[in-house]
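Thanks for coming. I'll take a few minutes on the packing inside this protein, so please have the structure up.

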Amino acid sequence: SRPARGSRAKMAVPVRRESRGTEPGAAPYGNFPNYSRFHPPEGRVSLLPQGLLRSLFPGATRPLLGLDVGCNSGELSVALYQHLLGLPDSNSSPEPQGAGKELKLLCCDIDPELIQRAQQSSPFPASISFASLDIMDSEAREPFLNSYLERFGRSSFDIGFCMSVTMWIHLHHGDRGLLEFLALLASLCTFLLVEPQPWKCYRAAARRLRRLGRGDFEHFRSLQINGDMAESITRILTQECAMELVCSFGNTSWDRSLLLFKS
């Protein structure tokens, strides 16, 4: 995949995954090619108040830095950027002058094909960088994220986004992997917006995989963290990662909570 514009994306090791068919179960990392069609970005951003960034960072040095983990092909990343900056919801309008001085967004995904699509379709190439990265691969992650932050003289991100990603980390890396992932995000971001998948999504993902004759997710049957996942993730972030729950913005029409934490 092409390097993300405006960032030293060569440091992100491209991750090769099996090609995906149209059956959702053929995307075992949640890397669905047309994800935004069945969970449209508007379903999330409409829950977020206007002027959220200004209320969270009233006197901050600009630009603010954002990290979007598991960005897929970038539609939600772009919608979040537009909403947070109060920009018109149109991919055809040119990037407003000065928008990049307000917010720079680094978006990563495990799937290089989806990242390439995001790079090609992004209406904000100066402000939003897309890179192929397995966030759980510390050897690739640390030099890449550090090099991005160093360009701004920063050691952490102002805000992180983790939208319907926690289940895939949990299924592929187990309870320990989920704990490591959440601790990582808490250490990287001052604020963190999380949309956890509920437990019924885990069961549906496992069913789809079995239906394709691929057996089961390695960790699915041994997960001790289960049940009410929004509650579990809130407990982990607040009790083990020293974050506080600032706000719950309610649920999407597909019954997922949007939770904002602060470190």
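Start with Phe181. This is a predicted model, and in it Phe181 touches Val69, Ile135, Met136, Cys162, Val165, Thr166 and Ile169, not counting neighbours within four places in sequence.

Where does Phe181 sit in the wider packing? It is among the residues with the most contacts inside the largest nonpolar core, alongside Ile135, Phe157, Leu171 and Leu237. That core has 49 residues. Helix H8, residues 166-188, supplies the largest share of the core, 11 residues. There is also a second core, separate from that one, with 32 residues. Phe57, Leu80, Ile128 and Phe130 are included in the second core. As general background, nonpolar side chains in soluble globular proteins tend to be buried together.

Now the aromatics. How many aromatic pairs does the structure hold? Seven. I'll go through one of them, Tyr81 with Phe124. The ring centres of Tyr81 and Phe124 are 4.9 Å apart and the planes are at 45 degrees. Stacked would need planes under 30 degrees apart and edge-to-face over 60, so this pair is tilted.

Which parts of the chain does the pair link? Tyr81 is in helix H4, residues 75-85, while Phe124 is in the loop between helix H6 (112-121) and strand S3 (128-132). The two residues are 43 apart, so these are distant parts of the chain.

Are the two partners buried or exposed? The cut-off for buried is under 20% relative accessible area. Tyr81 has 0% relative accessibility, so it counts as buried. Phe124 has 2%, so it is buried as well.

Last item: Tyr148, Phe152 and Phe157 form one aromatic cluster. Phe157 came up earlier, among the residues with the most contacts in the largest core.

Notes: Residues numbered from 1 in each chain as written. Predicted model: local features only at pLDDT ≥ 70, side-chain atom pairs only at ≥ 80, totals over all residues. Heavy atoms only, no water. Core = buried A, V, L, I, M, F, W, Y, C linked by side-chain atoms within 4.5 Å. Buried < 20%, exposed > 50% of the residue type's maximum accessible area, 1.4 Å probe, protein only. Helix = DSSP H or I, 4+ residues; strand = E, 2+ residues; numbered from the N terminus. Contact = heavy atoms within 4.5 Å. Phe/Tyr/Trp six-rings, centres within 6.5 Å; stacked < 30°, edge-to-face > 60°.
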